[in-house]
Structures are given as C-alpha cells and as structure tokens.
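Visitor: Hello! Could you walk me through this structure, one topic at a time?

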Amino acid sequence: MVKVLFFARIREQLGVTSVSLSLPVNPTVASLKQQLIITHGESWAEVLNAGNIVKAVNQEVVEDYHPLTDGDEVAFFPPVTGG
C-alpha cells in the first residue's frame, strides 16, 4: 500500500486530502497517477497531469519515472512560490 496526499489547490480541486492504494504494476509515480485517473475519472486527469504539478515520495521531490515501494508516501502539490 502507498498513501497518497494532496495539498493546497490540488486538494481543493479533487475534494480529497488523501487516499491509500495498492501498488500498481511496475510501480512508479506515473503508473500511480494513471491508477488514480482510472479509479476516479477524467476530472482527476486534468489535475494530476498539469505540467507544473510537484510530486514527492517520502518528502523528496521526484519525477514521474521514480519507482515506488510498499509503504511509500506520495504527495502531489502545486509549485511553491515566494517573494
């Protein structure tokens, strides 16, 4: 199982704070996103496939090809801005 967390605007758009899922086949962040989209529908595709979305595994920013293992925590959040 992996725990998936959603933050800020992404949490608001999806209407959920977190979900727990079984690992997909060939577990990567990309395959996890695909599993979420298949499970929850096209509205999730628009949010999770946004070009500027930040992904983290176990609190480390990663790319879509990053592998996943049982017990990982995956987070999706919008880019951080500051001033």
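The questions below go from the overall fold to single residues.

Visitor: Thanks for having me. What is the mean pLDDT of the protein chain?

Guide: Happy to help, and please keep in mind that this is a predicted model. Among the elements, α3 has the lowest mean pLDDT, 94, and β1 the highest, 98. Of the residues, 96% score at least 70, and the protein chain averages a pLDDT of 93.

Visitor: In which order do the helices and strands follow each other along the sequence?

Guide: The protein chain has 3 helices and 5 strands. Read along the sequence, they give the pattern β-α-β-α-α-β-β-β.

Visitor: What radius of gyration does the protein chain have, and why does it fit a compact globule?

Guide: The C-alpha atoms fill a box of roughly 40 × 25 × 20 Å along the principal axes. A compact globule with 83 residues would have a radius of gyration near 12 Å, so the value for this protein chain agrees: 12 Å.

Visitor: How much of the protein chain counts as buried?

Guide: Let's begin from the outside: the accessible surface comes to about 4,900 Å², and 51% of it belongs to carbon and sulfur atoms. As for contacts with a separation of 6 or more, residues 24 or more positions apart account for 51% of them. Of the 83 residues, the share that counts as buried is 40%.

Visitor: Which residues have the most contacts inside the largest nonpolar core?

Guide: In soluble globular proteins, nonpolar side chains tend to be buried together. Here the largest nonpolar core has 21 residues. At least two residues of this core come from each of β1 (2-6), α1 (8-14), β2 (18-21), α2 (29-40), α3 (42-48) and β5 (73-77). Those with the most contacts inside the core are Val4, Phe6, Leu32, Leu36, Leu48 and Phe76.

Visitor: Let me pick Leu48. Which residues is Leu48 in contact with, leaving aside neighbours within four places in sequence?

Guide: Leu48 is among the residues with the most contacts inside the largest core. Its contacts beyond four places in sequence are Phe6, Leu14, Lys33, Leu36, Ile37, Ile53 and Phe76.

Visitor: Ile10 caught my eye too. How far apart are Ile10 and Pro78 in space?

Guide: Ile10 has its place in helix α1. With a relative accessible area of 2%, under the 20% cut-off, Ile10 is therefore buried. Not counting residues up to four places away, Ile10 touches Val47, Ile53, Phe76, Phe77 and Pro78. Although Ile10 and Pro78 are 68 residues apart in sequence, their C-alpha to C-alpha distance is 6.8 Å.

Visitor: On to charges. Which parts of the chain does the pair of Lys33 and Asp64 link?

Guide: Lys33 forms a salt bridge with Asp64, and the closest N and O atoms are 3.2 Å apart. The two residues are 31 residues apart, so the pair links distant parts of the chain: Lys33 in helix α2 and Asp64 in the loop between β4 (60-62) and β5.

Visitor: Is Lys33 buried or exposed, and what about Asp64?

Guide: The cut-offs help here: buried means under 20% relative accessible area, and partly exposed lies between that and 50%. Lys33 has 7%, so Lys33 is buried. Asp64 has 25%, so Asp64 is partly exposed.

Visitor: Which residues do the salt bridges join into one network?

Guide: A search of the whole structure finds 2 salt bridges. Besides the one with Lys33, Asp64 meets the side chain of Lys55 in a salt bridge at 3.4 Å, N to O. Lys55 counts as buried, because its relative accessibility is 10%. Through shared partners, the network joins Lys33, Lys55 and Asp64.

Visitor: Last topic: the backbone. What is the phi of Asn58?

Guide: Most residues other than glycine have a negative phi, and most peptide bonds are trans. Asn58 lies in the loop between β3 (54-57) and β4, and at 43% relative accessibility Asn58 counts as partly exposed. Although Asn58 is not a glycine, its phi is positive, about 50 degrees.

Visitor: And what is the phi of Gln59?

Guide: Gln59 lies in the loop between β3 and β4. Its relative accessible area is 73%, so Gln59 is exposed. Gln59 is not a glycine, yet its phi is positive, at about 70 degrees.

Technical notes
Residues are numbered from 1 along each chain as its sequence is written. This is a predicted model: local features need pLDDT of at least 70, side-chain atom pairs count only at pLDDT 80 or more; totals for chains, interfaces and linings use all residues. Side-chain values use heavy atoms; hydrogens and water are left out. A nonpolar core is a set of buried Ala, Val, Leu, Ile, Met, Phe, Trp, Tyr and Cys residues joined through side-chain atoms within 4.5 Å. Buried means under 20% relative accessible area, exposed over 50%, partly exposed in between (1.4 Å probe, protein chains only). Helices (H or I, at least four residues) and strands (E, at least two) are DSSP runs, numbered from the N terminus. Contact means heavy atoms within 4.5 Å. A salt bridge is a side-chain nitrogen of Lys or Arg within 4 Å of a carboxyl oxygen of Asp or Glu. pLDDT is the predictor's confidence in each residue, from 0 to 100. The radius of gyration is taken over C-alpha atoms; the globule rule is 2.2 Å times the number of residues to the power 0.38. Accessible areas come from the Shrake-Rupley method with a 1.4 Å probe; for residues, only the protein chains shown count as cover.
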